[in-house]
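Visitor: I should like to learn how to read the empty spaces and the strands of a protein model. Might we begin with the spaces?

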Amino acid sequence: MIPKIRRGSRTHGLLAYLYGPGRRDEHTDPHLVGSWDGFAPDPGRDPQATLARLAAALDLRVKQAGAAAPAQHVWHCSVRAAPGDRLLTDDEWGTVAHRLVRAVGLAPDGDPDGCRWVAVRHADDHIHIVATMVRGDLRRPRLNYDYKKAQAECRVLEREMGLRQLNPGDGTAAKRPTSAERFKAERTGRPETARETLRDAVRQAVAGAATEHEFLTRLRQAGVRVKLRHAPSGDTLGYSVALPGDRNRDGTPIWYSGSALAPDLSLPKIRRRLAVGTTPHDGDRSSAARARRNATRVGEHIATTLHGDENDEKAAAELVSVGELLDAVAHTSSATTRQELHAAARAFERATRSHVRAASGGVRATRTAARGIIRAGAALGRGEDGATTAMLVSTLVLVATAAASWHAARGHAQQAAACRQAADHLRAAYHQAAAVPMRELQRVGLSLPKAERRRYEAAIRTVLPEHHHSRADAARHGREALLATLAHAERAGHEPEALLRKAIAMRELDTAENLNDVLVWRLRRLAHLPAGPADADDQSPRCTTTHPAQRNDAPRRYRRWA
């Protein structure tokens, strides 16, 4: 169940909307399912009852309190069933309403002076509770933390009624689009609301940015309108953004401040992130492949530290920087992986905020990696390279999985769920990016001489922990790619068994969906092997031993990987 609380000043106006047809004729059979005394007039079922009578009954004590009544005396809470929940009866919705007004303090059990309220149902999946905030003794109710109390009571009701168990919130989530914003997006043909589009634009602009000026410049280059708020001294205090053409009924642009988009997108918090800085580059833009290799190395370090004894503040800072890295990868992705990577970045955004205060430093390497990807992407079109992208995304799956475990261990239910959702999108993106390079590696593996294959198989069985043997054997296509990679590594001057031990020791393999694929990318990075056939521009340092592909007599199957 999802409660949403608002306050207002027009009892009759709200009732007219709830009993009316709705903005798109979506309201059907509006009627009461509960009230403060069980006898409130119901204009939906009683021909003699009117909206005016119901509003007057609700407002009786507000009128009696006169000037002592609050200006916004209407407490309005919509309660929606989660997608997939069964259809609740009127009696069950009435129970929900009674429990919520009791939980928040509007009408405690046994209190004859509780506030007046009604619950209106005009759809199958939700109700609206309307209460007036003046008690029978003409005092105001104590509604401290009413949203948190309503959330907690909904979690209890879900368990008792056998409904879907939603994750409890902690107040750190970004504000959701309002109904009016969603209706406007549908009316204007936009796939999402302006708030969501702008939130993504700001996050991508700050990813790897070195200075505040660069951040604002990126926003403008993305086609976003930017308005700065200045102090009398001329110092910049904040910023607001708007989409071109997004205006209200008066023709004025609709501006959103950074903090209105998400709690961590206010200018002071962005400045705190920018203060970490990035490692200076030598002035040349790196290739897309090299930028992704560097990001892979950073991601492996983060995945390891999240599983270790990292202090919470530093780990929280690492998660924020991982969000930047995902934004950078999504921003420079190709059409093949763009949808899944954007979905992964958007899902992981929720995991970057919790009540654990992020440390102010220690994440320069991750921000530098994000900056390198953005710079390389700008230099090479969309900066997409299937093999190195697959290498990086494979590592990011492990990072998201480690982040889910970290959040779950600290009771951050929503953040842990967001990490798992991001991991699912990253796995889908990985399969898209890895399809071609893994297929090429599999062909090489299948063409290896039998004696060579047996030798590499023996090395794998010797080094790989026994409880992983069945998992590795199950994915035969990935196994062929692993054999090909060991062959490439040996021809580059590495000892296969020793290199394999090093790859396995980098971090645990229990959370890997495809063990062979993970080892392939670890080995190729450790041995400085090209990630795929599109990496001809990746001039990473390699072993000085002559690679067979560098000789004229090299077998054809190795020349393409030079």
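Guide: This is a predicted model, and its largest cavity has a volume of about 100 Å³.

Visitor: How is such a space found in general?

Guide: Rolling a probe the size of a water molecule over the atoms shows where empty space is left. In this structure there are 3 cavities of 30 Å³ or more.

Visitor: Which residues line the largest cavity?

Guide: Its lining consists of Ser394, Val397, Leu398, Arg427, Tyr430, Ala512, Glu513, Asn514, Asp517 and Val518. By character, these residues divide into 5 nonpolar, 2 polar and 3 charged.

Visitor: Which helices each supply at least two residues of that lining?

Guide: They are helix 14 (386-409), helix 15 (413-446) and helix 20 (515-526). Helix 14 provides the largest share, 3 residues.

Visitor: What volume does the second largest cavity have, and which residues line it?

Guide: The volume of the second largest cavity is about 60 Å³. Around it stand Thr296, Glu300, Met391, Ser394, Thr395, Leu398, Arg507, Val518, Trp521 and Arg522. This lining divides into 4 nonpolar, 3 polar and 3 charged residues. At least two residues come from each of helix 10 (288-307), helix 14 and helix 20, and helix 14 gives the most, with 4 residues.

Visitor: Let us turn to the strands. In what order do the strands of the open sheet lie?

Guide: The open sheet has 5 strands in the order 1-3-5-4-2, with antiparallel pairing. Strand 1 (2-8) and strand 2 (31-35) are at the edges; each has a single partner strand, so one side of each is left without a neighbour in the sheet. From one strand to the next, the twist averages 20°.

Visitor: How many bridges pair strand 1 with strand 3?

Guide: These two strands pair in the antiparallel sense over 7 bridges, strand 3 being residues 74-80. To find the register, one may look at Lys4, which stands opposite Ser78 in strand 3.

Visitor: Which helix lies across strand 4 and strand 5?

Guide: Helix 2 (residues 51-65) lies across strand 4 (117-121) and strand 5 (126-132), and runs at about 40° to strand 5.

Visitor: How should one read the hairpin of strand 6 and strand 7?

Guide: One may take the pairing, then the turn. Strand 6 (residues 225-230) and strand 7 (residues 236-242) run antiparallel and are joined by 6 bridges, with Arg229 opposite Gly238 in strand 7. The hairpin has 5 residues between the strands, and Gly234 takes a positive phi near 100°.

Methods
Residues numbered from 1 in each chain as written. Predicted model: local features only at pLDDT ≥ 70, side-chain atom pairs only at ≥ 80, totals over all residues. Heavy atoms only, no water. Pairing = 2+ DSSP bridges. Axes fitted to C-alpha atoms, helices over the stretch in contact; angles between N-to-C directions. Contact = heavy atoms within 4.5 Å. 1 Å grid on protein atoms, 1.4 Å probe; cavity = no way out; pocket = protein on both sides within 12 Å on 5 of 7 lines; lining within 4 Å. Points joined across faces, edges and corners; volume = space filled by probe spheres on them. Nonpolar A, V, L, I, M, F, W, Y, C, P; charged D, E, K, R; others polar.
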